[in-house]
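Me: I am new to this structure and would like to understand the words people use for it. Could we go through them one at a time?

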Amino acid sequence: MSNSNVTATDKKLLDLLAADANLTHGQLAAMLGVAEAEVSERIAALESQGIIKGYQAVIDWEAIDANKATALIQLQVTPEPEQGFDKLAHRIMQFEEVEGVYLMSGGYDLTVIIQGKSMRDIALFVARRLSTLEGVRGTGTHFILSRYKDRNVIYHDEVQKETRSNVFYD
């Protein structure tokens, strides 16, 4: 989806914010070669248009809690007449464990990213809450065992070794 109100400078601004949302408006202005007031105005406009959805810190939760787990759940679903996959996707989005819901091509229809206290909690969530939803025909659960790079942040470089002895502790 293209927005004709988004300029080339806006795209550069968005790239800079995506790489580091902590940059000040003054820093962004200097990097873009525009006035700070223009950066503030453009950010406000991009937020009001829903192009900038929010700002988040990227946190290595596993460094704080070795049991915390993330999984990618693939769902085969039966689309509803005239609503397709939207109704089920919106229902799934309401679960607090769900970080993301995506319509996919291929063998599965929806992909759901789940964050849980442990792998066991995620497995129970899938078995008791996701797979029992009307319209869900099948699931495939894939646990993230180690992050190397996520949201453009490097978690492990080649010299860093995994220090967790067993990711299956509960």
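Me: Where is threonine 111 found, and what makes it count as buried or exposed?

Reply: In this predicted model, threonine 111 sits in strand β3. Its relative accessible area is 5%, and buried means under 20%, so threonine 111 is buried.

Me: Which residues does threonine 111 touch, not counting those up to four places away in sequence?

Reply: Threonine 111 touches Leu72, Ile73, Gln74, Gly100, Val101, Tyr102 and Met104. To count as a contact, heavy atoms have to be within 4.5 Å. For isoleucine 73 there is also a C-alpha to C-alpha value: it and threonine 111 are 5.6 Å apart in space, although 38 residues apart in sequence.

Me: What makes glycine 140 buried or exposed, and where is it found?

Reply: Glycine 140 belongs to strand β4, residues 136-144. With a relative accessible area of 10% against a limit of under 20%, glycine 140 is therefore buried. Leaving aside neighbours within four places in sequence, glycine 140 is in contact with Leu72, Ile73, Gln74 and Tyr108. Leu72, Ile73 and Gln74 are also among the residues that threonine 111 touches.

Me: How far is glycine 140 from leucine 130, C-alpha to C-alpha?

Reply: The C-alpha atoms of glycine 140 and leucine 130 are separated by 11 Å, and the two residues are 10 residues apart along the chain.

Me: Why is glycine 106 called exposed?

Reply: Exposed means over 50%, and glycine 106 has a relative accessible area of 67%, so it is exposed. Its place is in the loop between β2 (98-103) and β3 (110-116). Glycine 106 lies 25 Å from arginine 128, C-alpha to C-alpha, with their positions 22 residues apart in sequence.

Me: What is there to know about phi of glutamate 82?

Reply: Phi of glutamate 82 is near 65 degrees, a positive value in a residue other than glycine. For background, most residues other than glycine have a negative phi. Glutamate 82 is found in the loop between β1 (69-77) and α5 (86-93). Its relative accessible area is 87%, and the cut-off for exposed is over 50%, so glutamate 82 is exposed.

Me: Let us turn to the helices. At what angle do the axes of α1 and α2 cross, and what is that called?

Reply: The axes of helix α1 (residues 8-19) and helix α2 (residues 25-32) come within 11 Å and cross at roughly 130 degrees. Roughly perpendicular covers 65 to 115 degrees, and roughly antiparallel needs over 145. The angle falls in neither class, so α1 is oblique to α2. The crossing is right-handed.

Me: Which residues of α1 and α2 meet?

Reply: Thr9, Lys12, Leu13, Leu16 and Leu17 in α1 meet Leu28, Met31 and Leu32 in α2. By class, this contact has six nonpolar residues, one polar and one charged.

Me: Why are α2 and α3 described as roughly perpendicular?

Reply: The axes of α2 and helix α3 (residues 36-48) cross at roughly 105 degrees and come within 8 Å. That angle is inside the range of 65 to 115, so the two helices are roughly perpendicular to each other. His25, Gly26, Leu28, Ala29 and Leu32 of α2 make the contact with Glu36, Val39, Ser40 and Ile43 of α3. Among these residues are five nonpolar, three polar and one charged.

Me: How do you know that α1 is roughly perpendicular to α3?

Reply: α1 and α3 pack at about 85 degrees, with their axes 11 Å apart. The range for roughly perpendicular is 65 to 115, so α1 fits that name with respect to α3. Here Asp10, Leu13, Leu14 and Leu17 in α1 meet Val39, Arg42, Ile43 and Leu46 in α3. The contact has six nonpolar, no polar and two charged residues.

Me: What makes aspartate 10 buried or exposed?

Reply: Aspartate 10, found in helix α1, has a relative accessible area of 2%. Since the limit for buried is under 20%, aspartate 10 is buried. Not counting residues up to four places away in sequence, aspartate 10 touches Asn5, Arg42 and Leu46.

Me: Which domains does the domain assignment give?

Reply: The assignment gives domain 1 (8-49) and domain 2 (61-150). Their C-alpha centres lie 34 Å apart.

Conventions: Residues numbered from 1 in each chain as written. Predicted model: local features only at pLDDT ≥ 70, side-chain atom pairs only at ≥ 80, totals over all residues. Heavy atoms only, no water. Axes fitted to C-alpha atoms, helices over the stretch in contact; angles between N-to-C directions. Helix = DSSP H or I, 4+ residues; strand = E, 2+ residues; numbered from the N terminus. Parallel < 35°, antiparallel > 145°, perpendicular 65-115°, else oblique. Left-handed = near helix turned anticlockwise from the far one by under 90°. Nonpolar A, V, L, I, M, F, W, Y, C, P; charged D, E, K, R; others polar. Buried < 20%, exposed > 50% of the residue type's maximum accessible area, 1.4 Å probe, protein only. Domains from an automatic or database assignment.
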